Amino acid sequence: MGRPGLNRRQLLAGMGGLTVAGSFGFAALGTGADALASGADTRVRYWNLFSGGDGYNMISMLDSFREDNPGIDVKDSTLQWGNPFYTKLAMAAAGNRAPDLGVMHMGRVTGFSPGRLLDAWDMGLLAKYGVREEDYNPALWNRGVIDGKLYALPLDIHVQLCFYRKDVLKKADLLGDDGRMIPVTSTTEWFDVLKKAKKAQKKGLQTIGLWTNDQNFQWWFFVAFYTQLGGTWFDDANTEVTFDTDKATEVLEFLRRHVTDGYVIPGAPTGEQFVNGAPFTWEGNWSVPVFSGAELDYGATPLPSVFGKQATHAESHAFVLPHQSGRGGTTDNEAAHRLAAYIVQHAQQWAAGGHIPAHTPTLSTDAYKKLEPQNEYVSAMDHQATEPKVWFAGSTGVLAQDLGPVVVSSTMGSAKPDAVARRMKSRLTTLLASKNPMDGRTAAQGGAVA
């Protein structure tokens with residue numbers, strides 16, 4: 001893309017407040033000379049941030065790939081989730097010690113200096129191994145496109161959901177004939193549902209878990225409902241803030257009302273309360289294995305459409321190609337394309353962790369349609385509420401760290417919703433004028449046009 005290189009010293013100086021503890025550990029994960037696995041003639045070094053159940057499922061998928069592709073030796077490394085992972089990945093790319101394949105949250109890709117710290121995918125190689133743009137949701141695919149090139153190959157979307165106890169809702173007459181929660185299309189209907197559920201629930205429990213004092217969850221919920229109202233963030237050129245403080249205030253008042261009306265116990269452990277009988281909890285889809293493992297009689301649906309339009313917060317895990325100076329003509333690079341293509345096309349195992357596979361043919365298989373409650377919320381693929389496509393957005397990104405705490409202050413009652421909405425707009429104005437520490441450019445200068 002004609003941009004100058006970025007060395008590790010410049011990167012460290014520019015990353016400012018990002019966590020850099022342990023960042024020099026990437027050397028051990030880089031391009032070493034250790035022996036290939038028996039029978040292999042090509043190696044793929046793959047970094048990811050998957051632990052727990054996601055880590056187990058990814059390892060299972062990698063083992064399947066190894067069995068089907070004995071000529072490729074996959075060296076996978078799991079690094080610490082969050083900013084430590086992104087710092088290490090950036091330094092490795094800047095220092096020409098990058099792995100052949102990596103994973104990122106889609107929202108972080110725009111800020112990762114595509115063309116300098118990330119290499120574009122070879123569409124010919126992806127097609128060779130069965131990956132086609134037409135097999136993806138267009139909005140999701142285009143989130144990974146920067147300046148006309150694909151820099152992030154979606155693996156999934158992971159969404160915020162409304163989990164509900166069927167046993168409690170049945171007592172409250174809140175289940176439809178299909179055994180699922182009745183539809184909600186307004187704030188009035190939603191609070192009516194909560195009122196009825198509260199009368200049917202066990203004493204001593206909250207009615208809904210809302211993560212009221214968690215800045216990440218509160219931010220994700222805000223994004224969802226602000227999107228339902230048709231709220232925008234910036235103009236197409238990323239030069240003007242279009243954030244609507246009236247709509248933001250309406251969302252903040254809605255979130256706050258759950259506390260003032262007594263449906264939430266601030267600070268209560270949301271998942272544990274749900275397991276113990278609370279009617280509702282709003283959680284990420286990664287809670288599916290937990291609740292299924294507890295053998296609950298429950299369902300899960302996208303966040304209620306209380307403002308009329310369907311929209312639930314969504315992020316995406318995506319495969320990326322960290323920058324390598326010699327990438328493009330190597331067998332390792334082709335093997336990296338082959339591995340990523342294999343994983344996205346064999347994502348049934350990944351769906352078991354609650355995530356919605358990005359490769360849409362998987363969603364139409366009989367095996368996926370039988371998954372519960374995944375088959376109840378798969379429609380979220382078609383109404384994703386995402387953060388704006390700017391360098392400071394994305395999971396654990398600057399935007400969430402900056403605005404999440406002020407949303408919490410409104411929900412918890414330490415600040416008034418209208419004042420918080422104005423503060424959010426002011427901070428968005430500051431961020432829009434700020435420069436990306438990765439390349440020293442503002443959002444308007446970033447060229448992030450799908």
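Biologist: Where is the place of D119?
Modeller: D119 sits in strand β4, residues 118-119. Helices (H or I, at least four residues) and strands (E, at least two) are DSSP runs, numbered from the N terminus. A caveat up front: this is a predicted model, where local features need pLDDT of at least 70 and side-chain atom pairs count only at pLDDT 80 or more, while totals for chains, interfaces and linings use all residues. Residues are numbered from 1 along each chain as its sequence is written, and side-chain values use heavy atoms, with hydrogens and water left out.

Biologist: OK. Is D119 buried or exposed?
Modeller: D119 counts as buried because its relative accessible area is 13%. Buried means under 20% relative accessible area, exposed over 50%, and partly exposed in between (1.4 Å probe, protein chains only).

Biologist: And what does D119 touch?
Modeller: Leaving out residues up to four places away in sequence, D119 touches Y151, L321, P322, H323, Q324 and R327. Contact here means heavy atoms within 4.5 Å. The D119 side chain also reaches the backbone nitrogen of Q324 at 3.0 Å. As for V320, 201 residues apart from D119 along the chain, the two C-alpha atoms are separated by 7.7 Å.

Biologist: Switching over: where is Q206?
Modeller: Q206 is in the loop between α7 (187-200) and β9 (208-209).

Biologist: Why does Q206 count as buried?
Modeller: Because its relative accessibility is 2%.

Biologist: Which backbone nitrogen does the side chain of Q206 reach?
Modeller: That of I265, at 3.0 Å. The residues Q206 touches, not counting those up to four places away in sequence, include Y263, V264, I265, T270 and P279.

Biologist: What about P138, buried or exposed?
Modeller: P138 is exposed, because its relative accessible area is 57%. P138 belongs to helix α5 (residues 138-143). Its C-alpha atom and that of Q160, 22 residues apart along the chain, are separated by 20 Å.

Biologist: Now the core. How many residues has the largest nonpolar core?
Modeller: It has 77 residues, and those with the most contacts inside it are L101, F112, W121, L153, F319, I343 and I356. Helix α12 (residues 331-345) gives the most to this core, with eight residues. Apart from it lies another core, of 60 residues, among them M181, F191, V193 and V251. A nonpolar core is a set of buried Ala, Val, Leu, Ile, Met, Phe, Trp, Tyr and Cys residues joined through side-chain atoms within 4.5 Å.

Biologist: What does L101 touch?
Modeller: Beyond four places in sequence, its contacts include V44, W47, W121, F319 and L339.

Biologist: Any holes? How many cavities of 30 Å³ or more?
Modeller: Two, from a search of the whole structure. On a 1 Å grid over the protein atoms alone, a cavity is a set of points where a 1.4 Å probe fits but cannot get out, and a pocket is an open set with protein on both sides within 12 Å along at least five of seven lines; lining residues have an atom within 4 Å of a point. The second largest cavity has a volume of about 30 Å³, a volume being the space filled by probe spheres set on the points, which are joined across faces, edges and corners. Strand β12 (residues 312-315) gives the most to that cavity's lining, with three residues.

Biologist: And which residues lie nearest the centre of the second largest pocket?
Modeller: D54, W81, W286, H317 and H355, out of 23 lining residues. The volume of this second largest pocket is about 480 Å³.

How values were computed:
A polar contact is a pair of N or O atoms within 3.5 Å; within protein, one must be able to donate a hydrogen and the other to accept it, and residues adjacent in sequence count only if both atoms are side-chain atoms.
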